[in-house]
Amino acid sequence: MSSGGGGYSGGVAVFSNLNLNGRTPLRVQPKVGVWGPEGVPTTRAKKRMRIWVSLAFVAALTLICALGYFFYKALL
């Protein structure tokens, strides 16, 4: 029988490696507190940021359109 060349080689791990940082250097790994990573935004903070970004996008788009309309009327 041939090996099939499926790309899998090696034994089956009995336990998974819980170190999610892998081989990354210590300087880029997140600081871990008692209950988990520190400085990670909460779901509530992410929801608020999505709302603020949406409002800022609509405000910027409105400003650009108003400015374009103003210059269009000034050129006519």
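The legends below accompany close-up views of a predicted model.

**View 1. The chain as a whole, with one helix and zero strands.** In this predicted model, the accessible surface of the chain comes to about 7900 Å², and carbon and sulfur atoms account for 67% of that area. Buried residues make up 1% of the 76 residues in the chain, where buried means a relative accessible area under 20%.

**View 2. Helix α1, residues 43-75.** The helix has 33 residues, which at 1.5 Å a residue should span 48 Å, and because its end C-alpha atoms are 48 Å apart, the expected span and the model agree. The number of buried residues among the 33 of α1 is zero, so the helix lies largely in the open.

**View 3. A nonpolar surface patch that includes Met49.** Met49, which lies in helix α1, joins Ile51, Trp52, Val53 and Leu55 in making a nonpolar patch of about 570 Å² on the surface. Each residue of such a patch has over 30% relative accessible area, and this fits with the count of zero buried residues in α1.

**View 4. Gln29, in the segment before α1.** When residues up to four places away in sequence are not counted, Gln29 touches Asn21 and Thr24. The relative accessibility of Gln29 is 21%, and Gln29 therefore counts as partly exposed, since the term buried is kept for values under 20% and exposed for values over 50%.

Note on methods. Residues are numbered from 1 along each chain as its sequence is written. This is a predicted model: local features need pLDDT of at least 70, side-chain atom pairs count only at pLDDT 80 or more; totals for chains, interfaces and linings use all residues. Side-chain values use heavy atoms; hydrogens and water are left out. Patches are made of residues with over 30% relative accessible area and no salt bridge: like charges are joined within 9 Å, nonpolar side chains (Val, Leu, Ile, Met, Phe, Trp, Tyr) within 5 Å. Accessible areas come from the Shrake-Rupley method with a 1.4 Å probe; for residues, only the protein chains shown count as cover. A salt bridge is a side-chain nitrogen of Lys or Arg within 4 Å of a carboxyl oxygen of Asp or Glu. Helices (H or I, at least four residues) and strands (E, at least two) are DSSP runs, numbered from the N terminus. Buried means under 20% relative accessible area, exposed over 50%, partly exposed in between (1.4 Å probe, protein chains only). The expected span of a helix is 1.5 Å times one less than its number of residues. Contact means heavy atoms within 4.5 Å.
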